[in-house]
Each structure stands twice: as C-alpha cells, then as structure tokens.
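Welcome! Please take a moment to turn the structure around on your screen before reading on.

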Amino acid sequence: MLKTKTNIIEILSVFLLTAVTLHSSIGQQPNRFFSSGDSIYVDVRPGNDMYYSHEVAKGTTLYSLAQTFDVNEQSIRIANQLKFKETLGLGEIVEVPLSKDKILLNKPKTAFLALWYSVKPKETLYSISKKFHLEIKSILGLNHKKTSELKVGENILLGYIVINNLVTEVQKKASETSNLANQTKNPNETVVSAFNPIKVVSEDIIAGWDKHSDNFSTFIVLHNKAKIGSIMEISYPMMGRKINAKVIGRIPYGPYKKEISMWVSPSTAKALGVLDNRFRVQVSYISD
C-alpha cells in the first residue's frame, strides 16, 4: 500500500507542470462574465478593503466568482455575510473582495479588466492614491492628466487586474446540447454530437486522497474513465462545494483501485472541504 501511495504522488508530481500550463492558457481567454478589456468599478469598505460589486446573473455562483477573480470563496461569503450553504439569487449584488496588490499599471498580455473609480465629494487625488495604495504620478499617467484637479463623479482609471476563464470543457459540451440533437444511451450519459460522439457522464463515486502528501497548488485528479487532459466538475454535497479539476492520468494498479474511483490532489480535497481519506462526490466528465 505504501508503494501505491508513492506511485500516486509521483504521477501527480509529473503532471503538475502540465496542469499549471493548462490553467495559464485558460486564463488567456474571455470568460462567461467578461471579455478581456472590459471595465469594472471598484470602491473600498470602511476598513479600507477594495471590492467590486457584481450583479448575479444566471450561472453565477460563489465558486465561479472566486475563480474569475482568483480570490477565496469563503472571503466572498464573509464579505456578504452569507450563511453556510446559502446560494445567490438572480439580481442580487455581491461584493467581491479584491487585493490592491494585484493592481497592474500596464495592460497584461493575458485576459484583464480595467479598474475604474468614481470620485466622491471632498476627495483629492492624494486621498485616492492612499486609498488604493497607488502613486499620484501613476494615476495621472493612466488618465493622461496634467493636473491633480478632480471633479465629483469623475471616473478615474486605477489600473488593470488579471481575470481567469471559467468555461471548462464540460461546460462547453453541456452548452452545445441546446443546439444539437441529443441521443441518450442511459440516464447518466449524453452524446453531444452524432458526428463527434463526445460523452458527458455524471455519476456518484467514492474518491480518495492522502492527507500526508505534499499540498499541490493545482486542482488535479486521477480517474480511470475520464478523458485525460479534460476538465472534471466535482461536487461535494456534504459541504455544498463545487470545483473544477484537470484529469491527468489513471489510478495506479493496487489496493486503492478496489476502494475508490478517483484519486485527488490535496489542494482539490481541501478546496472541497474534505476531512476524511475517503469521501463520496458527484462528478461530471468527458468519457474517454
């Protein structure tokens, strides 16, 4: 069993760089909320924390917002005083906390948003620079201003922030079903296209992870049926959490094959809120 654990960790280590590369390339594409170059308006709380107010639309979840802005899902829940497992309602305004340290003065080469701020009464360029931890000369340069004079309601460009893409392979294939004729083989299997039969499978399975292994920073899994290199959606009903993870390989031969259908990296298990070595999850994936 110890040898099997070692094999699993070695496989996760080998594919870690691939997973990171995928994550980087995904971030270069527009996501479901924004297109690269879009503008958002930010403000600060009394405690001087910067945030962006997002109106909840169809498909918006705490997880999707957290992934888009690369923030902790729990921090959004706390900022909006949302109770455990409380979901978002359509039209609701959600404040997404953002880090001032992530403000960039130059447009990044990856997908980005422009951060704007509306000047309030009695504010000066100096007070705004302190509020957002920026230099006055940087704000002047971004806005092509020659003086520090401001008007109430004037919109000031603060800089740029990188955003991440959320459109996974599973989500893409699911959206295609509304435009293509579906052919169902069984309740858990959908053929997206009769000419290109890609199967999107949903099922309940037992997953496992090693609490004592190194904590990889990327969400990756081993699964024996999902297409290698595809993105799997994982839901953990016990904690009401859902994440996406990349399938990087198969579970090595050994005793674990008899017990579980999927092996996940520590970061994947922790993001789901898992405490036990074995746990039941709901997954959706593209079948190989």
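This report walks through a sheet, its packing and one serine.

## The five-stranded sheet

Keep in mind that this is a predicted model. Let us begin with an open sheet of five strands, whose order is 3-2-1-4-5 and whose pairing is mixed. Its edges are formed by strand 3 (93-98) and strand 5 (155-162), each of which pairs on one side only. On average, neighbouring strands in this sheet are turned by 40° against each other, direction ignored.

## Following the strands

Now look at strand 1 and strand 2, which pair in the antiparallel sense over three bridges. One place to find this pairing is Asp43, whose bridge partner in strand 2 is Tyr51. The two strands, strand 1 and strand 2, form a hairpin with five residues between them. In the turn you can find Asn48, which has a positive phi of about 75°.

Strand 2 (residues 50-55) also pairs with strand 3 in the antiparallel sense, here over six bridges. Try spotting two of the pairs: His54 stands opposite Val94 in strand 3, and Glu55 has Ile93 of strand 3 as its bridge partner.

## A helix on the sheet

Helix 2 (residues 62-69) packs on the sheet and touches strand 1 (39-44), strand 2, strand 3, strand 4 (112-118) and strand 5. The direction of helix 2 makes about 35° with that of strand 3.

## Nonpolar cores

In soluble globular proteins, nonpolar side chains tend to be buried together. In this model, the largest nonpolar core has 34 residues, and the members touching the most others are Val42, Phe69, Leu98, Phe132 and Leu158. Several elements each supply at least two residues of this core, including helix 4 (125-131) and helix 5 (136-142). Helix 2 gives the most, with four residues.

Which residues does Leu98 contact, leaving aside its neighbours within four places in sequence? Leu98 is in contact with Val42, Met50, Tyr51, Tyr52, Phe69, Val71 and Ile161. There is also a second, separate core of 22 residues, and among them are Val201, Ile234, Leu272 and Val281.

## A serine in a loop

Finally, find Ser230 in the loop between strand 9 (220-223) and strand 10 (231-236). Is Ser230 buried or exposed? Its relative accessibility is 0%, so Ser230 counts as buried. The side chain of Ser230 reaches the backbone oxygen of Lys227 at 2.5 Å.

Definitions and conventions. Residues are numbered from 1 along each chain as its sequence is written. This is a predicted model: local features need pLDDT of at least 70, side-chain atom pairs count only at pLDDT 80 or more; totals for chains, interfaces and linings use all residues. Side-chain values use heavy atoms; hydrogens and water are left out. Buried means under 20% relative accessible area, exposed over 50%, partly exposed in between (1.4 Å probe, protein chains only). A polar contact is a pair of N or O atoms within 3.5 Å; within protein, one must be able to donate a hydrogen and the other to accept it, and residues adjacent in sequence count only if both atoms are side-chain atoms. Two strands pair if DSSP finds at least two bridges between them. Axes are lines fitted to C-alpha atoms, for helices over the stretch in contact, and angles run from 0 to 180 degrees between N-to-C directions. Contact means heavy atoms within 4.5 Å. A nonpolar core is a set of buried Ala, Val, Leu, Ile, Met, Phe, Trp, Tyr and Cys residues joined through side-chain atoms within 4.5 Å.
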